[in-house]
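Please work through the exercises below with the sequence and the model in view. Attempt each task before reading its solution.

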Amino acid sequence: SRHDLHCSLWQDNSMSVKRFAFARFSEVTEQCFLLFTLILLMFLASLTGNALIATAIWTNPVLHTPMYFFLANLSLLEIGYTCSVIPKMLQSLVSEARGISREGCATQMFFFAFFGISECCLLAAMAFDRYMAICSPLHYATRMSRGVCDHLAMVSWGVGCMAALGQTNYIFSLDFCGPCEIDHFFCDLPPILALACGDTSHNEAAVFVAATLCISSPFLLIIASYGRILAAVLSMPSPEGRRKALSTCSSHLLVVTLFYGSASVTYLRPKASHSPGIDKLLALSYTVVTSMLNPIIYSLRNKDVKAALRRTLGKKKVLAHR
């Protein structure tokens, strides 16, 4: 058959698949084009929004504080996160070039996991920053110094890199005997593991444990931080003080809910409940939709960010007219 012919062409003498192909979204060309247009618009909105926020923070001294330092790092992670997946997906939607080499697939998986796990850790660092600001305001400046913030950011990126490297090496040390078609739009862990030879139950258990540690550990730190924050807020005598304290956390809480909600449903639910269609919708949610919404959430709910964005855009208009 055509599928078997492709598999034989993509194998070498070791009979391990050396090239994969992403499954088609739809056999209807119009549907693929519509999806291409929607995803491209969301992708461009995500890139523009996150780039503007990072630029506004780096170029406006008033935003050189720990909270905005972490927000700039989050925007950079979101840019890398979407760029690791979306361009290849857009290509697959409008062309027959749906293939990807084993090495290319491993590279895509590494960067996707790297940016995703780093974001999990960074969201925990942001929650810790809010905890220090609200629960220990007198010592906030010294305990959240630039050096401490740099170290927290480096640890987040470093943990993401090491965890992604270990996961990718582990997955691609396996043999893939076919079929060659990945029932997904990028090289994610579950659909790639489904193509491995033989019994993969031990590998699936190891990936589940790793995902649990990478997702749940930062999430527990976030829960602990916000538990202390809530206790501190409830003990405040002034309603205005409580409102102001909660408003500084609301954007972060919304981003955490969107990101962790979709990621947890994808990676922490039992294998028997997985469905390729549902998994693709969830993946679109945390690769495109969440990344597009984050700049909107932070800019709409934060006067300092809105003012910095206006100044940044104003400078660009002035330069454009010169």
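The exercises that follow concern a predicted model.

**Exercise 1. Describe the overall make-up of the protein.**

Solution. Step 1: begin with the secondary structure, which consists of 12 helices and 3 strands. Step 2: turn to burial; the protein has 322 residues, and 48% of them count as buried. Step 3: consider the accessible surface, which comes to about 15,900 Å², with 69% of this area belonging to carbon and sulfur atoms. Step 4: examine the contacts between residues at least 6 apart in sequence; of these, 77% join residues at least 24 apart.

**Exercise 2. Find the disulfide, locate its two ends and determine its handedness.**

Solution. Step 1: a search of the whole structure yields 1 disulfide. Step 2: its partners are Cys105 and Cys187, with an S to S distance of 2.0 Å; this satisfies the cut-off, which requires the sulfur atoms to be within 2.5 Å. Step 3: place the two cysteines along the chain. Cys105 belongs to helix α5 (residues 102-135), while Cys187 sits in the loop between β3 (181-182) and α8 (189-193). The two residues are 82 residues apart, and the pair therefore links distant parts of the chain. Step 4: the torsion about the S-S bond is about -125°, so the disulfide is left-handed.

**Exercise 3. Decide whether Cys105, Cys187, Cys32 and Cys121 are buried or exposed.**

Solution. Step 1: recall the cut-off, by which a residue is buried when its relative accessible area is under 20%. Step 2: apply it to the disulfide partners. Cys105 has a relative accessible area of 0% and is therefore buried; Cys187, at 1%, is buried as well. Step 3: apply it to Cys32, whose relative accessibility of 5% makes this residue buried. Step 4: apply it to Cys121, which at 16% also counts as buried.

**Exercise 4. Explain why Cys121 has no disulfide bond.**

Solution. Step 1: identify the closest cysteine sulfur to that of Cys121; it is in Cys120. Step 2: compare the distance with the cut-off. The separation is 6.6 Å, which is too far for a bond, because a disulfide requires sulfur atoms within 2.5 Å.

**Exercise 5. Compare an annotation with the model for two spans.**

Solution. Step 1: consult the unreviewed UniProt entry, whose "transmembrane region" annotation covers several spans, including residues 70-90 and 205-224. Step 2: inspect residues 70-90, where the chain is 90% helix and 0% strand, with the end C-alpha atoms 30 Å apart. Step 3: inspect residues 205-224, a span that is 100% helix and 0% strand, with its end C-alpha atoms 27 Å apart.

Technical notes
Residues are numbered from 1 along each chain as its sequence is written. This is a predicted model: local features need pLDDT of at least 70, side-chain atom pairs count only at pLDDT 80 or more; totals for chains, interfaces and linings use all residues. Side-chain values use heavy atoms; hydrogens and water are left out. Helices (H or I, at least four residues) and strands (E, at least two) are DSSP runs, numbered from the N terminus. Buried means under 20% relative accessible area, exposed over 50%, partly exposed in between (1.4 Å probe, protein chains only). Contact means heavy atoms within 4.5 Å. Accessible areas come from the Shrake-Rupley method with a 1.4 Å probe; for residues, only the protein chains shown count as cover. UniProt positions are given in the numbering used here, feature names are shortened, and annotations may be inferred rather than shown by experiment.
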